[in-house]
Amino acid sequence: MIGQYILNGVVSGLIVALPALALTLIFAILKFPNFAIGSMVTIGAYTAWALNTQIGLPLLPAAMISLAVSAIGLMLVDQIVFARLRDRDNITLLVASVGVSFVLENLCRFFYGNAARSFDVEISRPIRWLGLRINHEQITIAAVVLLFLVVLFLVLRFSRLGRAMRAVADNPPLAASRGIERESIVRITWLMVGATTALAGVLIGMDRAIDPMIGWNYQISVFAAAIVGGMGSLPGAVVGALIIGVSEELATLVIPTNYRQAVGFIFIALILLFRPHGLFGKAAVRK
């Protein structure tokens, strides 16, 4: 029984890892917590759903188009909203992201209403293995997320783009003096964030019903994962997501399922009290 909860928690953590990575990327490059991360997940889910059910595309091409549309869409959102506030403090950008969140979420409500939706895919019987009940969706989610994480790691660790992003994240003026254009890196970051959140939306839609609150339902878990791992640390976001996913799932053994997000609040409080920079983050240096 415990094994089943741990399995479900790992899969849930892998899903949370994607928007947690997107949140961490934005924080590393632009230095503000993006409160619109949940609504960006929602937009990705609805875009794929519309292509899959209303246009009739298979889920895979619908998902790929959703990634591209979300990536371009968020880059435009940045140019329309965040680029105009680039020189403001991070509180101003946080408030702006709250506004973006409301707009994106209500766009979904305006066009598709509040009814729960689901992808047009065949229903398969779960696999029984060593007493565990493994859904085909869980296998797909784990495989896709792990592949995505490997590709993202290779890009950020070994490519010129990754080195440029790390340089901008560490010291933007010094990076500019070496010929790295910050705005170009910011646009590429938003493209990556759009694709990452859209992929999370598609995978969440495979795991559960799609509704305008689908991203918001993961918001606390995503922030908890990023804070536990250390804001700005990509490996930390993944580890934090797995910790939060498994902890929330195990918590349902003793508390009602509706209160599982309280686990995220508890982790946020404990980390901020005893290790504010997270497990993998760097302590801020005060001058």
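Buried residues are those under 20% relative accessible area, exposed residues those over 50%, and partly exposed residues those in between (1.4 Å probe, protein chains only). By this scheme Arg-86, at 12% relative accessibility, counts as buried, and this arginine is a good place to start reading the structure. The model is a predicted one, in which local features need pLDDT of at least 70 and side-chain atom pairs count only at pLDDT 80 or more, while totals for chains, interfaces and linings use all residues. Residues are numbered from 1 along each chain as its sequence is written, and side-chain values use heavy atoms, with hydrogens and water left out.

Salt bridges come next. A salt bridge is taken here as a side-chain nitrogen of Lys or Arg within 4 Å of a carboxyl oxygen of Asp or Glu. Side chains of opposite charge can pair when their charged atoms come close. Searching the whole structure gives 4 salt bridges. In one of them Arg-86 pairs with Asp-78, with 2.8 Å between the closest N and O atoms. Asp-78 counts as buried, because its relative accessibility is 0%. Arg-86 also forms a salt bridge with Glu-183, where the closest N and O atoms are 3.0 Å apart. This second pair links distant parts of the chain: Glu-183 belongs to helix α8 (residues 182-207), whereas Arg-86 sits in the loop between α3 (59-80) and α4 (90-112), 97 residues apart. Helices (H or I, at least four residues) and strands (E, at least two) are DSSP runs, numbered from the N terminus. With 26% relative accessibility, Glu-183 counts as partly exposed.

Another salt bridge joins the side chains of Glu-249 and Arg-260, at 2.9 Å from N to O. Glu-249 lies in helix α10 (residues 234-251) and Arg-260 in the loop between α10 and α11 (262-274), so this pair ties together parts that are 11 residues apart in sequence. Glu-249 is buried, because its relative accessibility is 11%. As for the pairs around Arg-86, salt bridges that share partners join Asp-78, Arg-86 and Glu-183 into one network.

The overall fold gives these contacts their setting. The chain has 11 helices and 2 strands, and its elements, read from the N terminus on, follow the order α-α-α-α-β-β-α-α-α-α-α-α-α. A compact globule of 287 residues would have a radius of gyration near 19 Å, and the 19 Å of the chain agrees with this; the radius is taken over C-alpha atoms, and the globule rule is 2.2 Å times the number of residues to the power 0.38. The C-alpha trace spans about 60 × 45 × 35 Å along its principal axes. Of the 287 residues, 46% count as buried.

Two buried residues illustrate distances within the fold. Val-222, in helix α9 (residues 219-229), is buried at a relative accessible area of 2%. Its C-alpha atom is separated by 29 Å from that of Ser-124, and the two residues are 98 residues apart along the chain. Leu-199, placed in helix α8, is likewise buried, with a relative accessible area of 9%. From Leu-199 to Val-263 the distance is 25 Å, C-alpha to C-alpha, with their positions 64 residues apart in sequence.

The surface carries patches of two kinds. Patches are made of residues with over 30% relative accessible area and no salt bridge, like charges being joined within 9 Å and nonpolar side chains (Val, Leu, Ile, Met, Phe, Trp, Tyr) within 5 Å. Arg-157, Arg-160, Arg-163 and Arg-166 gather in a surface patch of positive charge. Helix α6 (residues 160-170) gives the most to this positive patch, with 3 residues. Arg-163, found in helix α6, is partly exposed at a relative accessible area of 42%.

A nonpolar surface patch is formed by Met-1, Ile-2, Ile-6, Val-10, Leu-253 and Val-254, which together have about 570 Å² of accessible area. Within this group, Ile-6 has its place in helix α1 (residues 2-30) and is partly exposed, with a relative accessible area of 36%.

A backbone detail completes the description. Lys-31 is located in the loop between α1 and α2 (37-54). The phi angle of Lys-31 is near 65 degrees, a positive value in a residue other than glycine. Lys-31 counts as partly exposed, at 39% relative accessibility.

Methods: Accessible areas come from the Shrake-Rupley method with a 1.4 Å probe; for residues, only the protein chains shown count as cover. Lys and Arg count as positive and Asp and Glu as negative; His and the chain ends are not counted. The place of a charge is taken as NZ of Lys, CZ of Arg, CG of Asp or CD of Glu.
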